[in-house]
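Welcome! Have a look at the model below, and then we can talk through why its parts get the labels they do.

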Amino acid sequence: MLKPLQPSNKILRLLFLCLGFYTFSQQYPVQNFTIENGLPSNSVRAIFKAFDGVVWIGTDNGITTLKNGKIEPYFNSKLPATKIWDIAESEYSTLWLATYGKGVYSLKNDTVRRFTTENGLPFNYVRKIHSRNDTIYVGTDRGLSIIVNDEVIANLKHPETNGKLQIQDFFEHQNKTFVITFRSGVYQIDYLGNKPKLLKVKDYDHAFGVGVFADTLFQSTDGNILKYTTKDFIQNKPELSSFGKSVVWDYVKTQNNKIYTACWGVHTDNGGIYEIVDDTMVFKNSDFGINSKEIWCLEYDKTNDFLYVGSLNTGLYRIDLSEKLLFNQTDFPVNGLVNYNEYYNKAIVTEKKLIIVDTLQIHGKPKQVTQIIDNNQFYNFSKEYIAKKTSLKNVNDYYLTEKYNARTLVLNHVEIHQDTIWVSTNIGLFQLSFSGQFLQFYPLHNQLFAFATNGDLVCPVPYNGVFVFKKGDFSKVTYFEPTNKLTPVDVEDIKTIDNVMYLLSRSKGLFTYKDQKFTKVFGNEELVAMTNKDKSNLYLATNLGNIFTFSKNTYKITDTLPKNKYKGHSIQFLEHYKDNLIVGTEKGVNMVSNNPNILIDNEQGLNNRFVRNATINYDFLYLGTNTGWYSLNLNKWLKNNTEHRQEVVLKNIEVNFKPFEIANNLNLNHTQNTIELQWEVENHPYPNKLEYWYRLNDSWIAVKEPKVLLPYLQSGNYSIEVKVNDLHYGNTFAQSLLNINIALPLLKTWWFWLLIIVVLGSFLFLMLKHRFKQIQKRNQEKADIEQRLTETKLEALQSQMNPHFTFNAMNSIQNYIIDNDIDNALYFLSEFSKLIRSTLEYSSLSKISLEDELDYLKSYITVENLRFENKVALNLQIDPKVDVYNTYILPMVLQPFVENCFKHAFTSSIQNPTITLTIKEKDQSLIVQIIDNGVGVNHTVKSTITTSKGMALVKERLQLQQPTIEPIQLQSTPQKGTTVTLTLKI
């Protein structure tokens, strides 16, 4: 800690304050948006952050928006590309745009309405719009309009102005609305009467605008600011103070009670952005990285602690005022930095300068001032010191003071020890007081060094051994040879942790130092960085990007940090702060903890990610780079940021690669099964710090962009969830994005199968019903056929046993008896009885064998031959292939045709009457021909024969049995005979 200054030191400091100190400038992270980034114009007239978080920007060439850190053009054919001078929002989220020349436009849900002189405005040149509840006040160059419910209800002017009432601004006080004019004074809008009117409350020469913050009011005049209490201003009392440097056009106040002004001198170059501090204006352009002196408007974003600055020539600026990260630019690379008290007093070394930042009490208030000690002063002191201490010429590295000069002298490292500053250079070690006074010097080519807990100064020499100065005394030095295995060489880092000094050697591993002794505790030759983890462990990093947990007790690796816990592969440094591991890589600064990690890179202002050195003092992480140093307020970075969880909003849906209406629930048919979703976290200040996962009823899947393609989804219900890892605020949140229902194909729906079952059941029922009817019909037909067969059998029996035939047969037998021809009588009686018996027997059978049919036929011919005195011969011709015993036909089907021969074919004129019966088999049918050599028949007789009852019965019987086959064919030639062909299915 810094000891109390002695009076002489205070005087010395004040002397340096007059001669060598200046106020040090810190630069805030800034983003500049111009026409190259999408602005319609670099002349920004209005900035407004709406209720939904969208930043609207009015320019000289129309309006645009800033969303998620990017300019997103707003297109609406009804909005002109004209000068937008002011933007306001009513309580119903209607946006109001003041144009300079085209009146006023209202915008709600992309619906635009315009108000001009044609529908009530006094003038189309509008400077300011003020919203109060549901009332819109429109300030033009020729008066004031009041709009309520999208209708101009009043135009207000004051008689003294002769129609010229240029409105500059509005403000609210004690629930009253006041109007600031350019040269006509201040008016109150009075509603006491039937109609609103203007009441003048204050007069002045001119005003450009006002800033009202609680009870304090600032009035802008030509080059000055008049400060009042708000009450005094309204009551026309004198100002409290007057100060200024330029014309102020706008004011804002931050949550840290800082007041900033937008200044443009119109005809002078004294504009810019200023901070009001103790009734003075402090120029902030360099701190905010603003290179314009034509600043027109301001807007403060309390949620993100952003200040938006609109210029008339260089576009829009967004400044991060959170002071989580600040940059201090230097002329040379920064090689070391250390804080030495709670006031953040610092000692910084660049390659050519030592910078001492001190806090002095000036006029009762703390002021940070900076002293610069350059390389010339270091070199000159080394020469002076050696001239006084000639013994140093015997030191090995004395030659360095001769080899290098002031121009080539390089400052390498800085440490604070016993309230003094120690600096290493390429010619030796220097000790200085906090006031910048040189104390001593020792020639030594040294870069990195540190003090052990016992006060020993440990100085590794590049490509050489280690010098140890006992208690920091240059006269008590011990040199450790590089050839000794226990000497750390190529030392990358030195840290004292829990009273133990650790030295990290790139070529030999990890060492400890205590009481003039080095101990090797770990032999890994790839180590590049280390830091403390807890009481028992260190973190060690290798050149391969791995980070290990190393036990201080067992000197062993106990764990490995997963690489997905930090971004980057090349580890530049490790630090530890309140249970958080801080990892510097080529990607930026990672803050690793049990909570979601934080990554700081160029998006948040860390533009130079090549870090030469890093250190934590108090609550700040300091990073030395080639262009300056960064200070990161770790308390602010690591505070609980759960209030910054923004909502994930679905922005676009495509189904089968075609746009689809956005909804929270999608009901699709089975062919609509390829879905692309796109979402965003609305109005996040650093959208590139967001990592996304999605889950589809299953595990989380990482995606590089906030969109996902879900191809060929099966039918079913899906719940799409999105998880966001916020690497800026260090939190993770998840929410449901969309529910999808994809219907089953028609063939898989239950109702379809129910319909199929019903249809098939109905069809089966109808088919069975039809089949049943057919069977019934067939059975009925069969019954009818069988009945008819029975009837035909009876009829055939009757025809074959007709009285005439029986009488003739009995008469013939009687004649034999009368003639006493007993043998023939008995024979014929036997044949006749056999015929009768067979007729009766066969009439009850459906089929009989061909053998039985032929026997029956022979018996019939025998009996019938009685009349012809046995003259009719029977010629029986049977194909050998025909099995007469196993071939079955209808009984008694041949007899009627043979009978026909006896009745009609054979007359007394026929010599040798013969009946020829041929039987053969063809196509599973029996072909039977009955051929006689009788008289034949003509057409008339043929008709009579074919219609004889016996033959008709046979034909009917055959057709009933074989309906598809023509059973009987008759051929007859007069005087030559007749042939009857029967086709019998077997």
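The questions and answers that follow set values against definitions.

Q: What kind of model is this, and what is left out of the side-chain values?
A: It is a predicted model, where local features need pLDDT of at least 70 and side-chain atom pairs count only at pLDDT 80 or more, while totals for chains, interfaces and linings use all residues. Residues are numbered from 1 along each chain as its sequence is written, and side-chain values use heavy atoms, with hydrogens and water left out.

Q: Why is C263 called buried?
A: Buried means under 20% relative accessible area, exposed means over 50%, and partly exposed lies in between (1.4 Å probe, protein chains only). C263 has a relative accessible area of 0%, so it counts as buried.

Q: How do you know that C263 is in no disulfide?
A: A disulfide is a covalent bond between the sulfur atoms of two cysteines. Here the test is a pair of cysteine sulfur atoms within 2.5 Å. The structure holds 0 disulfides. For C263, the nearest cysteine sulfur belongs to C297 and is 13 Å away, so the pair does not meet the cut-off.

Q: What makes helix α11 largely enclosed by the rest of the structure?
A: Helices (H or I, at least four residues) and strands (E, at least two) are DSSP runs, numbered from the N terminus. Helix α11 covers residues 895-905, and 9 of its 11 residues are buried, so the rest of the structure largely encloses it. Among the buried ones are F897, V898, C901 and F902.

Q: What makes a group of residues a nonpolar core, and which members of the largest one touch the most others?
A: The label is for a set of buried Ala, Val, Leu, Ile, Met, Phe, Trp, Tyr and Cys residues joined through side-chain atoms within 4.5 Å. The largest such core has 48 residues, and V928 and I930 touch the most other members. Helix α10 (residues 850-864) gives the largest share of this core, 7 residues. Another core, of 41 residues, lies apart from it and includes V338, Y404, F441 and Y442.

Q: Which residues is V928 in contact with, leaving aside its neighbours within four places in sequence?
A: Contact means heavy atoms within 4.5 Å. On that basis, the partners of V928 are L894, L917, T918, I919, V980, T981, L982 and L984.

Q: Why do β43 and β44 count as paired?
A: Two strands pair if DSSP finds at least two bridges between them. Strand β43 (residues 491-497) and strand β44 (residues 500-505) are joined by 6 bridges and run antiparallel, so they satisfy the rule. I497 stands opposite V500 in β44. The two strands form a hairpin with 2 residues between them, and D498 in the turn has a positive phi of about 50 degrees. Strand β43 is also mostly covered, with 5 of its 7 residues buried.

Q: What makes β51 and β54 edge strands?
A: They belong to an open sheet of 4 strands in the order β51-β52-β53-β54, with antiparallel pairing. β51 (571-577) and β54 (598-600) each have a single partner strand, so one side of each is left without a neighbour in the sheet. Inside the order, β52 (residues 580-585) and β53 (residues 588-592) pair over 5 bridges, and T585 stands opposite G588 in β53.

Q: Which way do the residues of strand β40 point?
A: From β40 (residues 457-460), L457 and C459 point one way and V458 and P460 the other, and all are buried. For C459, the relative accessible area is 0%, so it falls under the cut-off for buried. β40 pairs in the antiparallel sense with β39 (residues 450-451) over 2 bridges, and with β41 (residues 466-469) over 4 bridges.

Q: Why is T674 called buried, and where is it found?
A: T674 is found in the loop between β60 and β61 (675-681). Its relative accessible area is 6%, so T674 counts as buried.

Q: How do you know that T674 and Y712 make a polar contact?
A: A polar contact is a pair of N or O atoms within 3.5 Å; within protein, one must be able to donate a hydrogen and the other to accept it, and residues adjacent in sequence count only if both atoms are side-chain atoms. The backbone nitrogen of Y712 lies 3.3 Å from a polar atom of the side chain of T674, so the distance is within the cut-off.
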